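Colleague: I am new to this structure and would like a close look at one part of it. Please start with a pairing of side chains and take me on from there to whatever helps me find my way around.

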Amino acid sequence: MFIGHFGVGLGAKAAAPRASLATLFFAAQFIDLLWPTLLLLGIERVEIVPAASGLTPLAFVHYPISHSLLMVLLWGALIGAGYWLLWRRLKSALVIGLCVVSHWLLDLIVHTPDLPLYPWESSRLGLGLWKSVVATALVEGLIFAAGLFLYLRVTKAKNRIGVYAFWTLIGFLVAMYLSNIFGPPPPSTTAIAWLGQLQWLLVAWAYWVDRNRAPRAQY
Ligand SMILES: [Zn+2]
């Protein structure tokens with residue numbers, strides 16, 4: 001899952017209007033932001049298997065630290081607690097912790113059974129929606145659209161940057177998703193890891209967007 005996680009980050013703004021969109025993106029996508037570094041360090045492994053599971057050419061052979069349920073719960077608690085220590089906003093901290101955990105639950109819908117429950121040997125889960133490109137794109141598209149709707153309901157642009165930076169970010173996310181679906185498989189696992197690192201730019205972009213938008217008066 002890709003764009004669905006960003007949908008969660010956008011929608012979470014309705015529950016935590018004072019949290020930056022960058023923080024919400026960071027939380028909802030955290031384990032996929034951590035994963036490329038673990039790949040580059042050789043701690044986690046992925047293999048390229050064309051048409052392994054319909055939509056994705058990737059086989060997630062080993063990713064216990066970024067994607068096991070136990071670790072994701074721990075990451076969620078740590079990131080939520082970190083936010084609370086910095087800002088002392090309990091509700092936002094809870095929303096942020098839940099965003100981290102939401103990643104695993106959404107991945108569960110689409111992944112084939114490769115998501116471990118805990119970091120050591122455990123059964124692996126996944127409902128396998130990825131086998132159908134249409135169903136996956138529909139589910140992810142709906143989550144993204146719902147998130148976008150909620151985000152637009154609770155924020156407004158302060159200036160022109162708040163409009164253009166926001167809509168180019170949305171357009172870029174959609175374009176990236178389409179190229180994931182229709183583009184060729186990545187040339188190597190190292191390329192996957194470095195492309196994955198580029199997602200940090202999306203967090204920075206969201207920070208820029210957030211600085212130029214404000215919560216609507218009633219929120
Ligand atoms: Zn993931």
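Modeller: Gladly! In this predicted model, look for the side chains of Asp 210 and Lys 13, which meet in a salt bridge with an N to O distance of 2.8 Å. Asp 210 sits in helix H10 (residues 199-211), while Lys 13 belongs to the loop between helix H1 (3-11) and helix H2 (21-28), so this pair ties together parts that lie 197 residues apart in sequence. The count of salt bridges comes to 1, and both partners, Asp 210 and Lys 13, are buried. As a general point, side chains of opposite charge can pair when their charged atoms come close.

From helix H2, turn to the nonpolar residues. The largest nonpolar core has 58 residues, and Leu 10, Phe 25, Trp 35 and Leu 173 are those with the most contacts inside it. Helix H6 gives the most to this core, with 9 residues. To get a feel for the packing, follow Phe 25: leaving aside neighbours within four places in sequence, its contacts include Phe 6, Leu 10, Phe 30, Leu 173 and Ala 206.

Helix H6 also leads us to the metal. The zinc ion is coordinated by Asp 32 (OD), His 67 (NE2), His 103 (NE2) and Asp 107 (OD), at 2.2 to 2.4 Å. Along the sequence these donor residues are spaced D-x34-H-x35-H-x3-D. The closing H-x3-D part has a simple background: His 103 and Asp 107 are 4 residues apart in helix H6 (residues 90-110), so about one helical turn separates them. Both His 103 and Asp 107 are buried.

What about the geometry of the site? The angles among the 4 donor atoms run from 78 to 167 degrees, and the site is irregular. It does not count as tetrahedral, because that would need all angles to lie between 85 and 135 degrees.

Another donor worth a visit is His 67, which has its place in helix H4 (residues 64-67). His 67 counts as buried because its relative accessibility is 2%. Not counting residues up to four places away in sequence, His 67 touches the other donors Asp 32, His 103 and Asp 107. Its contacts also include Trp 35, which is one of the residues with the most contacts inside the largest nonpolar core. Following His 67 and Trp 35 is therefore a handy way to walk from the zinc ion to that core.

Key. Residues are numbered from 1 along each chain as its sequence is written. This is a predicted model: local features need pLDDT of at least 70, side-chain atom pairs count only at pLDDT 80 or more; totals for chains, interfaces and linings use all residues. Side-chain values use heavy atoms; hydrogens and water are left out. Donors are N, O and S atoms within 2.8 Å of the metal (3.2 Å for Na, K and Ca); water is not among the atoms, so sites may look incomplete. Four donors count as tetrahedral if all angles lie between 85 and 135 degrees; four count as square planar and six as octahedral if opposite donors are over 155 degrees apart and all others between 65 and 115; anything else is irregular. Helices (H or I, at least four residues) and strands (E, at least two) are DSSP runs, numbered from the N terminus. Buried means under 20% relative accessible area, exposed over 50%, partly exposed in between (1.4 Å probe, protein chains only). A nonpolar core is a set of buried Ala, Val, Leu, Ile, Met, Phe, Trp, Tyr and Cys residues joined through side-chain atoms within 4.5 Å. Contact means heavy atoms within 4.5 Å. A salt bridge is a side-chain nitrogen of Lys or Arg within 4 Å of a carboxyl oxygen of Asp or Glu.
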